[in-house]
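Please explain how this protein chain is arranged, beginning with what it means for a residue to be buried and going on to its interior, its backbone and its cavities.

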Amino acid sequence: MWLLRLTWALATLGIAAGSSPGPSPTAPPPDKASIFADLSPAELRAVRTFLLSRPELGLSPSRGEPLAKNTLFLVELLPPKKRLALRYLDQGGPRPRRQARAVVFFGGQAEPNVTEFIVGPLPQPSSYRPLRFKGGRTIPFASRPITQTEYELLHRMLLVALEPLQPLLHDATGSWYHNGSRGSLTFSDIAPRGLAPGERRSWLVLQRFVEGFFLHPVGLEVLVDHRDPDPRRWAVQQLWYNGQYFSSPRELAERYERGTLALARLAELPAQQLFSSYEPRGRFATGTPTDVHGAKVCEPQGRRYRLRGNQLEYGGWSLAFRLRSSAGLQLFDLRFNGERLAYEVSVQEAIAFYGGHTPAAMQTKYMDAGWGMGSVTYELARGIDCPEVATYLDAHHLYDADGPVRFSSAICVFELPTGVPLRRHFDSDYQGGFHFYAGLEGQALVLRTTSTVYNYDYIWDFLFYPNGVMEAKVHATGFIHATFYTPQGRRYGSRVHSHVLGNLHTHLVHYKVDLDIAGTGNSFETMDLRFENISNPWSPGARVVQPWLHRQPRRSERQAAFPFGTALPRYLLFYNPHRHNRWGHPRSYRIQHSSHAGRVLPRGWQEEKGVSWSRYHLAVTRHHENERSSSSIYGQNNPWEPLVSFEGFIHDNETIEDQDLVAWVTVGFLHVPHAEDIPNTATPGNAVGFFLRPFNFFDEDPSVASRSPVIVRPLDPPTFSQLQIQRWTPASPGPCVAPGPFTYNGTYWQE
């Protein structure tokens, strides 16, 4: 991940900040939604200024040397406790204090550590105190995320350590490792950084620095120990080159000089149409045009949603949202027709665990919250990442920076024609005519952002349908994580180019769904089919085999944890035992997976302890304030003794009947890269998520309130020469997309 951050550093030095601001919401957020709003740039600066003013903390600017200093790494909103928020939202109670979460790296002391603080009240902070974690756990310094300063020091160290290998590298690749300019070599780093707690040893994969450098490994991988705060004590411990291990750069250089090294000479790269580039090449066989614009999304009569600050309204839906620097999108106070369905729905973690023949490949177990998954939300391209007509919102992050950084157009909101009716029916008379046709257009509101975490791009969506259904979905795209091809590597993936192996990996994503179905007192049951063999009541002597519904109340947390490797019941129902719909059913919502996830490692094996949530399709727990998240930014570099152990959430096996419940949902897929992943992994087939669907929550489909249906009835059957067409929208949608050229900026600046 060195290159992305190096590019940022170079850009900030060479270009004056001045990208055009993205559109802002037309009005400030309502008071109630604003308690969940992300910190403003002014609030971020106020927290930083306050903490730097405290002499007992001894904070220094984040950028620049030395590494052994006290720095402020992250500032973001600390949401209010649920009970205080509900008292304010529902009972007219006092407004919760607005507070920040601040992460401080204490590297300039005898025993370095990481401490998190609660800072407030905002907008003018005047106090801070430590943020406590479940079980009283502390944060070891070695578990901290890597910073830009540490990357710069690693780069500087490699310049010296690889000096003996420059002739070898130039002979094999036509280039060498130097200043990070195009045409030279660069590196990507692998995590976890070691094999046990307290280690900080990273495998670095050398690559050609060209467009799509992720697909250009040169066959050299270097293990660097960089645990010591003093970089002068860092050391290269091992190297791997073209299938062989070496104890030092000098040993490898000597083998090359003696001519006994199996040298992997790479072909010179073309100046254009590089295989890792997006430049068009080849032709489709049909000859149908692709050099003109395709179909577009339009809003013929204007927007049908309302956005006020961080509050979003659409049809029956209303919700507040924020974009956490640490982990991404988080929804609060999710309601339909004024009734809360969920207090919180949020992304918790995304992981990708790999296998391979090279040391870097077999070590790669990415846990993306540890890379600032919510802070790498770069500009969305109009007409590609989101429709031109979408509303675009900026985001501000204070993550490994000396002030807020504005990410232009990081979030978009738009109404999407689904291309399929929400409902429809053609009522045939079976004589060549019909009694009526009725249909309701299919549309959904989309809230979207992206995370470019190193090579992969995740497209995060929440979709809201008019019938009370919410969908959480993530698409995986971007470049595959590739290593140097050796014949032994075929066991772990596919050869996708002359010297490139696409390594197999499993993607898993974890969501938190804090459900409040018709209130906070909820229960959980599963439902599936069983078969019965009964006497046929209308035909003596005959038998009938038919399905019936088997309902199974899940009374404790262990009963509501469904591990991978066992069948997941098809209906997962959360209901209020005291509230019923008109037809006598408990008012319920259902979680429905859209996933083909599996385990990433055997239970309890080393790094698996850091992602113990990955054991389960679904786990249901009671709500606790000290179980805010299933992961942390520290798990990547210390998965062996994680700060947050999800297994501890269900270890006490509390009752979950008529309680405030949280559903923890895991989705994902196995990805065996193939030739068609070049140059990029495509989104079709690489999307997973879940639906939140009403199940007897309403008395009928709530989309009947929509004024978008069309009903056609014949007035003179059987001739059908006159039709009555009923609709409640204008007869013609009118003009569609406004003309205008494509524009893009792509910068993100500290303000």
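A residue is called buried when its relative accessible area is under 20%, and exposed when that value is over 50%. The model discussed here is a predicted one. With this cut-off in hand, Asp333 can be placed: its relative accessibility is 13%, and therefore Asp333 counts as buried. Asp333 belongs to strand S15, which covers residues 328-336. Its backbone is also notable, for the phi of Asp333 is near 50°, a positive value in a residue other than glycine.

Another aspartate can be read in a similar manner. Asp400 is not a glycine, yet its phi is positive, at about 50°. Asp400 sits in a loop, with strand S18 (391-399) on one side and strand S19 (405-417) on the other. Because its relative accessibility is 4%, Asp400 too counts as buried.

The backbone also contains cis peptide bonds. One joins Glu65 to Pro66, with omega near 0°. Pro66 is located in the loop between strand S1 (59-60) and strand S2 (70-78). Another cis bond runs from Pro717 to Pro718, and its omega is near 10°. Pro718 lies in the loop that links strand S37 (709-714) with strand S38 (723-727).

Strand S37 leads on to a contact between distant parts of the sequence. Pro709 lies in this strand. Although Pro709 and Glu441 are 268 residues apart along the chain, their C-alpha atoms are separated by 6.5 Å. When residues up to four places away in sequence are not counted, Pro709 touches Gly439, Leu440, Gln726, Arg727 and Trp728.

The interior may be considered next. The largest nonpolar core comprises 123 residues, and those with the most contacts inside it are Leu206, Leu220, Trp460, Phe464, Met470, Tyr511 and Phe524. Strand S16 (residues 339-354) gives the most to this core, contributing seven residues. What surrounds Phe464, leaving aside its neighbours within four places in sequence? Phe464 is in contact with Tyr314, Trp317, Leu319, Leu331 and Leu334, with Ala444, Leu445 and Leu447, and with Val469 and Met470. A second core is separate from this one; it has 30 residues, including Met367, Phe564, Val611 and Phe649.

Helix H5 gives a further example of burial. This helix spans residues 148-161, and its 14 residues reach 20 Å from the first C-alpha to the last, close to the 20 Å expected at 1.5 Å a residue. Ten of the 14 residues of H5 are buried, so the helix is largely enclosed by the rest of the structure. The buried residues are Gln148, Thr149, Glu150, Tyr151, Leu153, Leu154, His155, Met157, Leu158 and Ala161.

Finally, there is the matter of empty space. Rolling a probe the size of a water molecule over the atoms shows where such space is left. The structure holds seven cavities of 30 Å³ or more. The second largest cavity has a volume of about 130 Å³. Its lining consists of 13 residues, among which Leu67, Lys69, Thr71, Phe105 and Thr147 lie nearest the centre of the cavity. Sorted by class, the lining of this second largest cavity has five nonpolar, five polar and three charged residues.

Conventions. Residues numbered from 1 in each chain as written. Predicted model: local features only at pLDDT ≥ 70, side-chain atom pairs only at ≥ 80, totals over all residues. Heavy atoms only, no water. Core = buried A, V, L, I, M, F, W, Y, C linked by side-chain atoms within 4.5 Å. Buried < 20%, exposed > 50% of the residue type's maximum accessible area, 1.4 Å probe, protein only. Helix = DSSP H or I, 4+ residues; strand = E, 2+ residues; numbered from the N terminus. Contact = heavy atoms within 4.5 Å. 1 Å grid on protein atoms, 1.4 Å probe; cavity = no way out; pocket = protein on both sides within 12 Å on 5 of 7 lines; lining within 4 Å. Points joined across faces, edges and corners; volume = space filled by probe spheres on them. Nonpolar A, V, L, I, M, F, W, Y, C, P; charged D, E, K, R; others polar. Expected span 1.5 Å × (residues − 1).
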